[in-house]
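User: I am in my first year and would like a close look at a single part of this model, the sheet and what lies against it. Could you take me through it slowly, in one connected answer?

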Amino acid sequence: MMNFTHRAAVTADIPAIAALMARAIGALQVDFLTPAQVVASQAVMGLDTQLIADGTYLLVEASGRLAGCGGWSRRATLYGGDHSTALRDAALLDPAHDAARIRAMYTDPDFVRRGVGRLVLSVCETAAREAGFARAEMMATLAGEPLYRACGYMPIERIETPGNVPVPMIRMGKNLA
């Protein structure tokens, strides 16, 4: 059993986060997407540095090694990184009516199925609940869907990203109350 720790991400962590994301997308999506879709997914996935600025993005580490990352947001953006500007909406959500966003969850391929994703979800859900949110939503990859279902998230809608090579994704939600 690994001993994981977690902490808030800071700007200096961005290169390590970007490397982990690229590695995770390249390795963990191949059983669910075509090679062209894996490449296309990088156009809509990635780090939204607003999460780091907001203090809602965390890193999971094992023996000083980055094992995973993910966060939550009180902003309207559902998914996408800094480079996917058409998907971004920095408007603040109203916890009385809106769902918090679970965002940018990635696990290093060397650490899959060891509890990294569950830890990120638990920390994020607790923080969102403490901020007054009664519900959380995310845009999940096909590779992430089994974990999210196991953690109580249910599909809301299935979409395909826009572009020459559409990538299937699933909007999922969970009651936090």
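Analyst: Two strands count as paired if DSSP finds at least two bridges between them. With that in mind, and remembering that this is a predicted model, we can begin with the sheet as a whole, which is open, has seven strands in the order E1-E2-E3-E4-E5-E7-E6, and shows mixed pairing. E1 and strand E6 (154-160) stand at the edges with a single partner strand each, so one side of each is left without a neighbour in the sheet. On average, neighbouring strands of this sheet are turned by 25° against each other, when direction is ignored.

Let us now follow the order of the strands from E1. E1 and E2 pair in the antiparallel sense, over five bridges, while E2 and E3, which also run antiparallel, are joined by six bridges. E2 and E3 form a hairpin with two residues between them, and in that turn Ser-63 has a positive phi of about 50°.

Individual residues let you trace this pairing in the picture. Thr-5 stands opposite Glu-61 in E2, and Glu-61 in turn stands opposite Leu-66 in E3, so that the row can be followed across the three strands; DSSP bridges are what the pairing of strands rests on. Further along E2, Leu-58 stands opposite Gly-70 in E3.

Thr-5 itself has its place in strand E1, and at 43% relative accessibility it counts as partly exposed. If residues up to four places away in sequence are not counted, Thr-5 touches Leu-59, Val-60 and Glu-61. By contrast, the C-alpha atoms of Thr-5 and Ala-76, which are 71 residues apart along the chain, are separated by 28 Å.

How many residues of strand E2 (residues 57-62) are buried? Six of its six residues are buried, and the strand is mostly covered. Both faces of E2 are covered, for Tyr-57, Leu-59 and Glu-61 on one side and Leu-58, Val-60 and Ala-62 on the other are all buried.

What covers the sheet can be approached through the helices. Helix H1 (residues 14-28) has 15 residues and reaches 20 Å from its first C-alpha to its last, which is close to the 21 Å expected at 1.5 Å a residue. Its buried residues are Ile-17, Leu-20, Met-21, Ala-24 and Ile-25. These residues cover an arc of only 130° around the axis, which puts them on the same side of H1. The general reason for looking at spacing is that an α-helix has 3.6 residues a turn, so residues three or four places apart point the same way. The parts that cover the buried residues of H1 include helix H2 (35-41), helix H3 (49-54), E2, E3 and E4.

Helix H4 also belongs in this picture, since it lies across E1, E2, E3, E4, E5 and strand E7 (168-175), and it runs at about 30° to E3. The 15 residues of H4 should span 21 Å at 1.5 Å a residue, and its end C-alpha atoms are indeed 21 Å apart. Val-116, Gly-117, Val-120, Leu-121, Cys-124, Glu-125 and Ala-128 are the buried residues of H4. Seen down the axis of H4, they fall within an arc of 155°, so they line one face of the helix. H4 is followed by Gly-132, whose phi is positive, near 100°.

Aromatic rings add a last set of links. The count comes to three aromatic pairs, and among them is the pair of Phe-4 and Phe-111, which is edge-to-face, with 6.3 Å from centre to centre and 65° between the planes. Phe-4 lies in strand E1 (residues 4-8) and Phe-111 in the loop between strand E4 (100-107) and helix H4 (116-130), so the pair ties together parts that are 107 residues apart in sequence. Phe-4 is buried, with a relative accessible area of 16%, and Phe-111 counts as buried at 5% relative accessibility. Another edge-to-face pair is formed by Trp-72 and Phe-133, at 6.0 Å centre to centre and with 75° between the planes. This pair also links distant parts of the chain, since Trp-72 is in strand E3 (residues 65-73) and Phe-133 is in the loop between H4 and strand E5 (135-140), 61 residues apart. Trp-72 counts as buried at 6% relative accessibility, as does Phe-133 at 3%.

Note on methods
Residues numbered from 1 in each chain as written. Predicted model: local features only at pLDDT ≥ 70, side-chain atom pairs only at ≥ 80, totals over all residues. Heavy atoms only, no water. Phe/Tyr/Trp six-rings, centres within 6.5 Å; stacked < 30°, edge-to-face > 60°. Helix = DSSP H or I, 4+ residues; strand = E, 2+ residues; numbered from the N terminus. Buried < 20%, exposed > 50% of the residue type's maximum accessible area, 1.4 Å probe, protein only. Expected span 1.5 Å × (residues − 1). Arc of directions from axis to C-beta. Contact = heavy atoms within 4.5 Å. Axes fitted to C-alpha atoms, helices over the stretch in contact; angles between N-to-C directions.
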